[in-house]
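Biologist: I should like to learn how a protein structure is read, feature by feature. May we begin with sheets?

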Amino acid sequence: MKQSFDIIVVGGGHAGCEAAMAAAGMGSSVLLLSPDLNGLAKMSCNPAVGGIAKGQIVREIDALGGYSGLVTDANTLQFRMLNRSKGPAMWSPRAQCDKSRFSATWLKFLLSTCNISIYADFASDFLFENSKITGIRTITGAKFYSKAVILTAGTFLNGRMYIGEQCFEGGRIGEKPSLGITEQLASFGIPTARMKTGTPPRIDFRSVDTSSLEIQNGDESPERFSFLDIPSSVQKDGSQMCCYLLHTNQKVHDILRTGFDRSPLFSGVIQGKGPRYCPSIEDKLRTFSDKDSHQLFLEPEGVDSPEYYLQGFSSSLPLDVQLEAVHAIEGLENAVFFKPAYAVEYDYFDPQFLHYSLRSKCIENLFLAGQVNGTTGYEEAAAQGIMAGINAHLFLAGREPFVLQRDQAYIGVLIDDLINKGVDEPYRMFTSRAEFRILLRQDNADFRLTALSHTLGLASEERYAQMCRKYEAVDALSRYCDEEKLRPEVANPFLESIGSTPISESKRLYELVSRPEVSLSEILKIVPCGTNPTDVITSVEVAIKYSGYIERERLQAEKNARLEYIKIPADFDFSLLNGLSTECRQKLNKYKPENIAQASRISGVSPSDISVLLVYFGR
């Protein structure tokens, strides 16, 4: 059994799998340590990938050469592009997945990668020499050695689960927690605290009466996550599974309230802060006490499984209350539980003590990714995982870290937020967090990131060549739209059919497509342009319709980027600058920003403080 590696990845969740594949893909030898080989990248909560802003992240991971998009496409049960009625910055892909096949596909990718070894065990502690990690020891006594370690332990660090007054150790129901690691790392000065998340009951679909439920179908023409030209499972066979819309009612709420006195969330037993934007059902009742109904979704977990996920009903209430309340929901009167809802509380580490590479500021060769950094969600975890894997390899090679800026990727926004703002609740990505969201669309992630990743040695030649071909076609169609004119007798019948103002003289396609009601794909049907793929047409149409917004964001991004070039020495003592506020000096000395742009995004640093820094460092 091999015992020495370049990098050890502790934890086989979404972050760990992406980290292992990225580091190995760039040439590092990797050990992935995870207790269950059949549960890699396990979908502990909703078996879905993507959604608002999260879908953009998955496409960015794919554009970098990651695997989350490919695994999702191979196991899609239903695909929907959310927010089609809004502008393209809001369009977000989402796929319901087969959770058991999802893990099996990840295992297949990992096993087929020659630089990766997998060992099924729990880490008990890290091995140190002169404040530097040299390896890990497992609970069975095995020792493995490495030059760097990536910790991606999810919700398992001192994990405890709650169902009413029942409390037991574990990071997931039926799985043991990881004990001792938090305390060991905290002794090196990494601040730690507790967070909480939860999951709803799983229902036996055979016990559900669907006659009164509203069906939610997937898109008629489903797309896929990966930019590679590999059809998704639903694109291949043309069939998608249904989801169902349900609602709570006043009776359900009254039943739930009878368990509040036994809720660990309200009794103070659970100390960790839960996710604001994915609250438990009891949180919803307390926060929105005026509402007499809440929306729920019943979603499939697999092609061959009757297990369905009751989205929107996560809870830590007692089992008897859960059962009674679920049975008061229309359609679920006879519902049978496969698994109850439960809450899990776990340790995380303050992400403000990380470099932008996700390397610890306290332990030289330790990288952290995923929920251990205070985030929530598969997508956020996977994004950190691929960045940690890339940067661990670059660190060992003595190369500069790979850092994405806020105008380059949602991944850049995510990491920048974590490091500069910290977290006091589980961090979830939203489009509203990105000030350059017109630039960071889901359709152009390959244009933004694939060439960068290819230069690093991660994105494959095939992926890079495909990206180049796509944007050559985009450029060609853009030129055509800018040069080709339509005469009134050709354009007006089309314009009048869609209620658009007729033209009195020839107009360029560019001018016509600039109209909100004019679709490029439709107008191309009346001009001799040949065939263009849907993604090419979409890219060109968005660039035309939103050109003003895109240019404005690009100019602002260039202005902000200038502050990135004004560096701050790593050992600079900010207490020497009397012009700074006391809070600013304290924050800057604590978090040690690398440049003026990073300093400007730290809470407590005012515009006047930045002016002082610009005078001092800008000169």
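Modeller: In general, the strands of a sheet pair through backbone hydrogen bonds, either parallel or antiparallel. In this predicted model, one open sheet consists of 6 strands with antiparallel pairing, in the order E14-E15-E16-E17-E13-E18.

Biologist: Which strands stand at the edges of this sheet?

Modeller: The edges are strand E14 (214-216) and strand E18 (336-339). Each has a single partner strand, so one side of each is left without a neighbour in the sheet. On average, and ignoring direction, neighbouring strands of this sheet are turned by 35° against each other.

Biologist: What packs on the sheet?

Modeller: Helix H10 (residues 319-326) does, touching strand E13 (202-204), E17 and E18. The direction of H10 makes about 135° with that of E18.

Biologist: How many bridges join E16 to E17?

Modeller: Strand E16 (residues 295-300) and strand E17 (residues 307-311) run antiparallel and are joined by 4 bridges. For a single pair, take Phe297, whose bridge partner in E17 is Gln311.

Biologist: Let us turn to another sheet. In what order do the strands of the open sheet of 4 strands stand?

Modeller: The order is E11-E10-E19-E12, and the pairing is antiparallel. E11 and strand E12 (192-199) are the edge strands, each pairing on one side only. From one strand to the next, the twist averages 25°.

Biologist: How many bridges join E10 to the strands E11 and E19?

Modeller: Strand E10 (residues 160-163) is joined to strand E11 (residues 166-169) by 4 bridges, and to E19 by 3 bridges. Both pairs run antiparallel. Arg160 illustrates the arrangement: Arg160 stands opposite Glu169 in E11 and opposite Glu345 in E19. In the hairpin of E10 and E11, 2 residues lie between the strands, and Gly164 takes a positive phi near 60°.

Biologist: Which residues other than glycine have a positive phi, for example in the loops before helix H2 or between E7 and E8?

Modeller: Ala53 is one of them, with phi near 70°. Ala53 is placed in the loop between strand E3 (48-50) and helix H2 (54-64). Ser131 also has a positive phi, of about 60°, although it is not a glycine. Ser131 is placed in the loop between strand E7 (123-129) and strand E8 (132-138).

Biologist: Is Ala53 buried or exposed?

Modeller: The relative accessibility of Ala53 is 0%, so Ala53 counts as buried. Ser131 has 46% relative accessibility and therefore counts as partly exposed. The reasoning rests on two cut-offs: buried means under 20%, and exposed means over 50%.

Biologist: How should I read a buried side chain with polar atoms? What does the side chain of Gln78 reach?

Modeller: Begin with the location: Gln78 lies in strand E4 (residues 76-82). Its relative accessibility is 3%, so Gln78 counts as buried. The side chain of Gln78 reaches the backbone oxygen of Gln216 at 3.0 Å. A polar atom of that side chain also lies 2.9 Å from the backbone oxygen of Met241. Beyond four places in sequence, the residues that Gln78 touches include Arg94, Asn217, Val234 and Cys242.

Biologist: Where is Tyr356 found, and with which side chain does the side chain of Tyr356 make a polar contact?

Modeller: Tyr356 is found in the loop between strand E19 (342-349) and strand E20 (366-368). With 7% relative accessibility, Tyr356 counts as buried. The side chain of Tyr356 makes a polar contact with the side chain of Asn420, at 2.5 Å. Further residues touched by Tyr356 include Val403, Ile415, Glu594 and Arg601.

Biologist: Finally, how is a nonpolar core read?

Modeller: In soluble globular proteins, nonpolar side chains tend to be buried together. Here the largest nonpolar core has 104 residues, and Leu151 and Ile411 have the most contacts inside it. Helix H11 (residues 378-396) gives the most to this core, with 10 residues. Leaving aside neighbours within four places in sequence, Ile411 is in contact with residues including Ile57, Leu64, Ala383 and Met387. Another core, of 25 residues, lies apart from the largest one; among its residues are Leu246, Val252, Leu298 and Phe313.

Terms used. Residues numbered from 1 in each chain as written. Predicted model: local features only at pLDDT ≥ 70, side-chain atom pairs only at ≥ 80, totals over all residues. Heavy atoms only, no water. Pairing = 2+ DSSP bridges. Buried < 20%, exposed > 50% of the residue type's maximum accessible area, 1.4 Å probe, protein only. Polar contact = N/O pair within 3.5 Å; in protein donor to acceptor, adjacent residues only side chain to side chain. Contact = heavy atoms within 4.5 Å. Axes fitted to C-alpha atoms, helices over the stretch in contact; angles between N-to-C directions. Core = buried A, V, L, I, M, F, W, Y, C linked by side-chain atoms within 4.5 Å.
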